[in-house]
Amino acid sequence: MKIIENKKIQEKYYKKVLNNGLTVFLMPKTDFYKTYAIFATKFGSRDTEFIPRGTSEYIKTPEGIAHFLEHKLFEQEDGNDASNLFASYGADVNAFTTNSQTAYLFSTTSDVSSSVELLLDFVQTPHFTKEGIEKEQGIIEQELLMYLDQPQNIQYYGILKALYKENSIRNEIGGTVDSIKEINEDLLYTCYNTFYHPSNMTLAIIGNFDKDEMITLIENNQNKKSFDEPKEIIRKYHIDDDQVNEKNSYVDMNVFIPKATIGIKFPYKKLNPLESLKRFTALEILIDLYYGESTEIYEDLMNNGYINNSFEYSLYYDETYGHLLLSVDSQTPDSFIEKNKEILNLIKKSDINEQDFNRIRKLYIARAIKRFNSLEYVANSIVESHMDGHNIFDYIEILNKISIEDLHNVRDLFDDKYISTFIIFPSDYK
């Protein structure tokens, strides 16, 4: 097994690519009682256009199919649910779907080997029936209808639809009531056979186990199964141009206080994985220099009533998109928007204080090291960074080397022409 190590922070883990293409990461932590494992495929809500395994033509699948498939894999051929089997081993199991991946995970303090075997087996043994699909369609339809009554969900996807014209990030991960009705057995097996091949999957385990015994268990499990030869998956993504879809939009809902969101869309730039990670890091530091709770700007916003404790800001960055969202619950949403547009323009024009920069950079390094105390964070980050083309230690290395000039290089992204706004007004708002 290959060792991936950062000697400065005294952390390391092991990597092995199996004969069937499955990438395995193991990080023994024998001083922990708990073990956490995540088994993920690079298949998310954005992967709706691709060439299926064994064919040569693109197909387009319904929105929400990756999330639907995640739900269906828990159903066993004998009618049992994988969650019940994990519970019998004393393990907690869960799963999630994002824009770029679907992941299955568990944590346990006992019988780790049985839980790892079960994780591999239930994910790699699909069983879809017409009756089961129809039942799941009803369940997910109720979920989706419930989301329509949640202001936070409407707020999030409202601003994304305002920012993006075609990029799949604007589509809800669960799909729509209409799109999930198009899902059938053939489509599920097509997606499964294309994206759930071991060569498109990653297994990461961290916690209390012996690495040699664990890799032997995993190899034995995989050797009992038959898989086609690894093959590159050809996908089609829609990259937006620089223009936002709508500058200003709003809806009325049953809320007490208006909910305002500002989104700034960062123009697409083709970068290699480390360049992309560096750009993200420069952006998050730059944003914190202005919006961090210890800054004068944040204090001014709070003291003058532009923001309150509901204020949030989040940076999202991926190989096909990037944006910053600022949101607040406010009786004066227009004031919040205008004031923050001023600040976003200020970011573009202002010089960066070296002392403030060094303080934030050191804080980021300390946070990054502290996160290694979380098994869940480390395992999830190992998987995500691998899928993005780098490793978990690269972020710390970039933080050690990043400069004020790197922040200056992303300042031009903060331009009014890249900004959209979205407001949820109370139905009786005047």
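I count two parts as being in contact when heavy atoms lie within 4.5 Å of each other. With that in hand, I opened this predicted model and started my notes.

**Entry 1: helix α10**

I went first to helix α10, which covers residues 296-303. Which of its residues are buried? I found Ile-297, Tyr-298 and Leu-301. Looking down the axis of α10, I saw that these buried residues fall within an arc of 100°, so they line one face of the helix. A reminder to myself: an α-helix has 3.6 residues a turn, so residues three or four places apart point the same way.

What do the buried residues of α10 pack against? My contact check gave α9 (273-291) and α11 (333-349). On the face turned away from the buried side, I noted the exposed residues Glu-296 and Asn-303. I also looked just past the end of α10, where Gly-305 takes a positive phi of about 80°.

**Entry 2: salt bridges**

Next I turned to charged side chains. How many salt bridges are there? The count comes to 18, and I picked out some to follow up.

My first pick was Glu-11 with Lys-29, whose side chains meet at 2.7 Å, N to O. Glu-11 sits in strand β2 (residues 11-17) and Lys-29 in the loop between β3 (23-28) and β4 (35-41), so this salt bridge ties together parts that are 18 residues apart in sequence. Are the two residues buried or exposed? Both Glu-11 and Lys-29 are buried.

Then I looked at Asp-47 and Arg-235, where the closest N and O atoms of the salt bridge are 3.2 Å apart. I placed Asp-47 in the loop between β4 and β5 (49-50), and Arg-235 in the loop between α8 (211-223) and β10 (248-253), so the pair joins parts 188 residues apart in sequence. Asp-47 and Arg-235 are buried too.

**Entry 3: back to α9**

Helix α9, one of the packing partners of α10, turned up again. Its Lys-278 forms a salt bridge with Asp-406, the closest N and O atoms being 3.4 Å apart. Asp-406 belongs to helix α15 (residues 404-408), and the pair links distant parts of the chain, 128 residues apart.

I checked how accessible each partner is. Lys-278 has 36% relative accessibility, so I put it down as partly exposed. Asp-406 has 14%, and because buried means under 20%, Asp-406 counts as buried.

**Entry 4: a network**

Which residues are linked in a network of salt bridges? I wrote down Arg-46, Asp-318 and Glu-319.

Notes:
Residues numbered from 1 in each chain as written. Predicted model: local features only at pLDDT ≥ 70, side-chain atom pairs only at ≥ 80, totals over all residues. Heavy atoms only, no water. Buried < 20%, exposed > 50% of the residue type's maximum accessible area, 1.4 Å probe, protein only. Helix = DSSP H or I, 4+ residues; strand = E, 2+ residues; numbered from the N terminus. Arc of directions from axis to C-beta. Salt bridge = Lys/Arg side-chain N within 4 Å of Asp/Glu carboxyl O.
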